Amino acid sequence: MFILLLIYNIYKIKFIINKIIFMNNKKIKNKINNLRNKIIKYSNSYYNKNNNLIKNQKYDYYFQKLINLEKKYPNFKNQYSPTQIINYKLNKNIKKSKHIIPMLSIKSIYIFDYIKKFFNKIKKKYNKTKFCCELKIDGIAISLIYKKNKLYKAITRGNSIYGENITNNIKIISSIPKKIYNKKYNNKIEIRGELFIKKKNFIKIIKREKLFSNSRNLTSGTIRSLNKNLIKKRKLSFIAYDLIINNNRKKIKNNIKCLKKLKKLGFNIEKHTKICNSIKKIKNFYNKIYKIRKYLKFNIDGIVIKINNRKLQEKIKYNNNYIKWAIAIKFFSKTKKTIINDIKFKIGKSGVITPIVIIKPIYIGGTKIKKINLYNLKYLIKLNIQIKDKILVERKGDVIPKINKVIKRYNKNNNLYINKCPFCNNNINLNINLPKCLNINCSEQINKKINNFVSKNGFNIKYLGKKTIKTLIKNKIINNIFDILKLKVNSLIKIKNFKYKRSKKLIESIKYSIKNIKLNNFIYSLSIPNIGLSSSNYIYNKLKYINNFININNKINIKKINKLNNNKIQSLKNFLQNKQNINIIKKLLLIINKKIF
């Protein structure tokens with residue numbers, strides 16, 4: 001009977017586990033399918049109807065999210081996913097043509113760290129590689145094929161394998177030569193480049209017609225039009241960037257030589273192209289172009305970084321969607337409008353109170369922003385922000401979200417000015433950039449200090465997470481960092497859900513941490529303002545002993561740590577001039593029984 005019951009329970013557990021796995025898989029599958037449907041809908045509108053339903057940054061965010069999910073859960077990957085096929089429907093009214101060499105896109109990103117990854121990955125394998133940096137013109141890619149020096153065919157990128165045959169329309173564009181004069185290339189050659197509209201022409205058209213949201217959509221709609229008069233009227237332009245001789249890209253050594261040959265053949269080329277052999281030079285090029293882009297005659301949406309050596313390009317090749325030897329970093333709108341949903345506060349381990357503005361989520365540079373930390377009290381008072389205010393948000397240095405200004409006020413009378421701690425209702429110091437709670441017994445402040453004390457970089461006490469600490473404080477088992485080190489099994493088992501085994505594991509972890517604590521981690525655990533792990537390590541390496549640390553104000557000890565900035569040195573001085581802090585250190589040393597580290 002017992003064996004039958006055991007078998008039944010095993011099968012029951014297996015059934016429950018399988019059910020959980022099934023439900024979890026179902027959620028993931030639905031998430032992936034929803035993302036796919038969104039991307040297909042938006043790309044269909046963008047490529048086939050010349051209409052942007054969402055911003056490029058948001059579309060790229062969804063696409064990258066889908067790539068990441070398919071990597072994590074490969075069993076849900078399929079050949080019909082937008083990551084595997086290009087969702088571009090060729091115009092039924094225009095004849096299609098096949099590309100001899102696939103005409104693939106370049107992957108676009110918004111964060112410079114990905115450029116570093118791309119650069120380092122290539123440099124690791126091919127150390128002497130140089131990179132060719134070009135402008136990313138906001139138009140459409142086309143291929144021009146010449147036979148015996150005469151324009152034979154013009155094809156759009158299409159779905160990278162097939163494109164629309166736009167030969168008759170292309171012949172109307174004055175910047176595209178109908179004949180090229182060069183004896184060397186009297187056989188078949190292919191020129192690839194960007195078709196676009198100049199800014200002044202675009203402005204004239206949208207004022208008159210108001211049909212297109214950007215120059216790329218206008219260019220695409222124009223060249224695929226069956227109305228030749230319209231194409232002539234809109235004055236499209238062309239810039240060449242690639243030359244393929246007899247279906248072979250390797251015949252030209254590098255990108256720079258390729259551009260020189262294109263110019264000799266009579267094509268317009270981009271003049272800002274530059275060779276860069278370091279990540280610093282690439283970043284400088286990016287910053288320079290970002291500053292001068294408003295003075296260019298055409299719209300650009302970023303820069304393209306290519307491996308300069310064309311033989312190496314062919315070696316690295318491509319995947320289903322993108323060429324692997326090039327990457328593009330896009331510029332993005334640095335500001336966006338949104339509404340304030342809520343204003344909350346958080347307190348740090350040193351008592352500093354930071355206001356957090358919860359906003360209606362927005363995307364800037366492919367990043368979703370839900371909240372903004374306001375690190376400056378004076379700026380906060382100046383802004384005088386309120387819940388339901390309409391604000392303009394920017395990403396300072398392309399990273400940190402910041403409120404630029406209030407566009408529309410919901411209530412002019414109220415002011416987010418605090419003079420009491422929102423956690424303990426005690427007085428706060430308002431003579432600094434950020435308000436600071438002056439109550440050393442503030443429960444939230446104690447909570448943060450304890451969390452820092454037991455963290456991996458501090459005493460590294462296992463089985464003591466944020467929730468457990470909150471429970472211990474709530475049940476008045478601990479009130480300070482000393483109470484942590486004095487914990488006993490008997491006091492822990494009185495708490496709900498704290499059984500003997502769990503309590504014993506925690507006590508053993510505390511004992512192990514006390515025995516193995518090092519001076520650098522000890523310094524970090526003290527929650528000294530401005531002193532993080534790297535500073536703690538530096539202080540330990542220079543001072544070696546706890547007595548030197550306590551006597552930091554000694555001229556010899558100050559000299560030893562002179563590479564720390566003035567703010568950090570002053571923080572250390574202030575902390576160690578306080579008798580209460582010295583008493584804390586001495587008390588801790590007695591508990592852990594270490595006079596000298």
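Ile-343 stands opposite Val-357 in β13. The two strands involved are β12, residues 335–347, and β13, residues 353–364. Seven bridges join them, and they run antiparallel. Together β12 and β13 form a hairpin. Five residues lie between the strands. Gly-351 sits in the turn and has a positive phi of about 95°.

The model is predicted. The protein chain has 597 residues, of which 46% are buried. Its secondary structure comes to 22 helices and 18 strands. The accessible surface of the chain is about 34800 Å². Carbon and sulfur atoms account for 51% of that surface. Contacts across the sequence were also counted. Among those between residues at least 6 apart in sequence, 67% join residues at least 24 apart.

One open sheet contains four strands, in the order β5-β4-β7-β8. Its pairing is antiparallel. The edge strands are β5 (150–156) and β8 (236–245), each of which pairs on one side only. From one strand to the next, the twist averages 30°. Strand β4, residues 140–147, is joined to β5 by six bridges. Within this antiparallel pair, Tyr-146 stands opposite Leu-151 in β5. Two helices lie across strands of this sheet. Helix α6, residues 215–223, lies across β4, β7 (188–197) and β8. Its direction is at about 125° to β7. Helix α8, residues 255–264, lies across β7 and β8. Helix α8 runs at about 120° to β8.

Another open sheet has five strands, ordered β2-β11-β10-β3-β9. Here the pairing is mixed. The edges are β2 (108–109) and β9 (274–276), and each pairs on one side only. Strand β3 spans residues 131–137 and is joined to β9 by three bridges. These two strands run antiparallel. Cys-133 has Lys-274 in β9 as its bridge partner.

Helix α3, residues 112–125, lies across four strands: β2, β3, β10 (300–307) and β11 (326–330). Relative to β11, α3 runs at about 165°. Helix α3 also packs with helix α9, residues 279–292. The angle between α3 and α9 is about 140°, and their axes are 11 Å apart. The crossing of this pair is right-handed. On the α3 side, the residues that meet α9 are Phe-112, Ile-115, Lys-116 and Phe-119. Their counterparts in α9 are Ile-279, Ile-282, Lys-283 and Tyr-286. An α-helix has 3.6 residues a turn, so residues three or four places apart point the same way.

Helix α18 covers residues 533–543. Its buried residues are Ser-535, Ser-536, Tyr-538, Ile-539 and Leu-543. Viewed down the axis of α18, these residues fall within an arc of 160°, so they line one face of the helix. The buried residues pack against four helices: α17 (519–525), α19 (546–550), α20 (555–560) and α21 (566–577). Lys-544 follows α18 and has a positive phi, near 70°.

Methods: Residues numbered from 1 in each chain as written. Predicted model: local features only at pLDDT ≥ 70, side-chain atom pairs only at ≥ 80, totals over all residues. Heavy atoms only, no water. Pairing = 2+ DSSP bridges. Contact = heavy atoms within 4.5 Å. Axes fitted to C-alpha atoms, helices over the stretch in contact; angles between N-to-C directions. Buried < 20%, exposed > 50% of the residue type's maximum accessible area, 1.4 Å probe, protein only. Areas by Shrake-Rupley, 256 points an atom, 1.4 Å probe, with all protein chains shown as cover. Arc of directions from axis to C-beta. Left-handed = near helix turned anticlockwise from the far one by under 90°.
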